[in-house]
Protein chains: 2
Amino acid sequence: MPEIPSKIGRPPKSDRNPDEVKTEILAAAVEEFSQHGLSGTTTEAIAHRARVTKAMIHYYFKTKEGVYRAALENLFSGLVTPVQQEEFTHISPEQALASFIQQVLQSASSQPCIHALLALEAIQNQGKYYKELEVGQLVYGTLSCILERGVEAGVFRPLNPQHMAVNILGTCVFYFVSQGNLQHFFQERAMASPDMMEQHTTEAIAFIMAGVLR
Amino acid sequence: MPEIPSKIGRPPKSDRNPDEVKTEILAAAVEEFSQHGLSGTTTEAIAHRARVTKAMIHYYFKTKEGVYRAALENLFSGLVTPVQQEEFTHISPEQALASFIQQVLQSASSQPCIHALLALEAIQNQGKYYKELEVGQLVYGTLSCILERGVEAGVFRPLNPQHMAVNILGTCVFYFVSQGNLQHFFQERAMASPDMMEQHTTEAIAFIMAGVLR
DNA sequence: GTCTATATAAAGATAGAC
DNA sequence: GTCTATCTTTATATAGAC
């Protein structure tokens, strides 16, 4: 009796090429890691979301830690480039600050999981993998430079640039990180809805500018 | 031959009474949960930190989820009481706001894990257990009331009280939540050291007040 | 109450067929 | 490259001795 070549009842064989598969695994990994962190995420969950088997994860990335590293790099590559950093030095501190904040908020809106992932990385891994990327130095370095310039020029009030950089980022980002808790407090609309995002942007910029300008 | 009554080589039998044991388990649970979250924490880790066996955890709290609920309640009971909430309405909005911020920062300094735990709860559980406590409503309700009063009195600039409440909390709290990542950026001293904490307090209050006052 | 021992389930990772 | 099957470790939770 001849063998039946196609096994019925199986999930449809992937029509994706290897590159697409790898990309999709990374995307799935970002989603999972940004909710459960490195230790809390299971390869099974990533595999299921990417519609592959666990074995594929290990085939492409060797270990779970390998997927995590790759996901972090993939997420933050091209977030803030040294080129953009240069541009900020050619405009006034007020304009640079406003522009910087808007960029942060915009990237947070389009990639909602990015700051959750960063928070988990800080809390669970003490920034071990974050340190390996140079994005942190770049973001905080750029922001505190803008602040320092503004203070020296006399347009910003006297302040500690490093602490203020952290506090400004906190203002921008906390809204996203704490959404899970705050959604019970904001009864009206979904916090991720476009108009709420716009409100947050408006309020954050007004707050930060008022808090920094002389 | 008579049995040997004491088994040598065993860890010294606990000299604690049951109440102390339960308290110590809760303290250990807060430490572990605030670093790894509900799903990421193992009962083994809690047991080891509390110097008991896993079986004790289940004896006192039935399930891991039970320990988590108990730890949350224990941590937030008496953080902000309705009594304190009342007091804020009897002083000027500026004084109330400054006093509120100082209380938040002080509790964060003395309980460094509290906001990490809240962040993990938001990210990993979407605030499921946070919602069961009434602390959230209390904290954000109190703060946005203070802001609303200040705007109506004309001492604060026009602003959205709810969004501003979130942004103010973010300014206070982000420093603690992101310590793991930021420690690589703050080369000088440990971010949890007393003088760095004082600097953060000073900068946060100056920032918030400047950002809110007319 | 506190422990040891264990049942049961789930995880990361690998081997080997196709 | 992609899958199934399996090894090994680790987790939650329970049973039962003391």
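In this predicted model, DNA strand D is surrounded by 16 residues (at least one heavy atom within 4 Å of the strand), of which Met56(A), Tyr60(A), Thr43(B), Lys54(B) and Lys64(B) come nearest. Of the strand D atoms within 4 Å of the protein, 61% belong to sugar or phosphate and the rest to bases. Phosphate oxygens of strand D pair with a polar backbone atom of Lys64(B) at 3.0 Å, with a side-chain N or O atom of His58(B) at 3.2 Å, and with a polar side-chain atom of Thr53(A) at 3.5 Å. H3(A) gives the most to this surface, with 4 residues.

Chain A and chain B each place 55 residues in their mutual contact (heavy atoms within 4.5 Å). About 5,000 Å² is buried between the two chains, 61% of it on carbon and sulfur atoms; buried area is the accessible area, for a 1.4 Å probe, that two parts lose on being put together, summed over both. His163(B), Phe185(B) and Phe207(B) supply 15% of the area that chain B buries against chain A, more than any other three residues. Across this interface, 19 residue pairs are in polar contact, both residues at pLDDT 80 or more. A polar contact is a pair of N or O atoms within 3.5 Å; within protein, one must be able to donate a hydrogen and the other to accept it, and residues adjacent in sequence count only if both atoms are side-chain atoms. The rule finds 0 salt bridges (a side-chain nitrogen of Lys or Arg within 4 Å of a carboxyl oxygen of Asp or Glu).

Local features need pLDDT of at least 70 and side-chain atom pairs pLDDT 80 or more, whereas totals for chains, interfaces and linings use all residues. Residues are numbered from 1 along each chain, chains are lettered from A in the order written, and side-chain values use heavy atoms, without hydrogens and water.

Conventions: Helix = DSSP H or I, 4+ residues; strand = E, 2+ residues; numbered from the N terminus.
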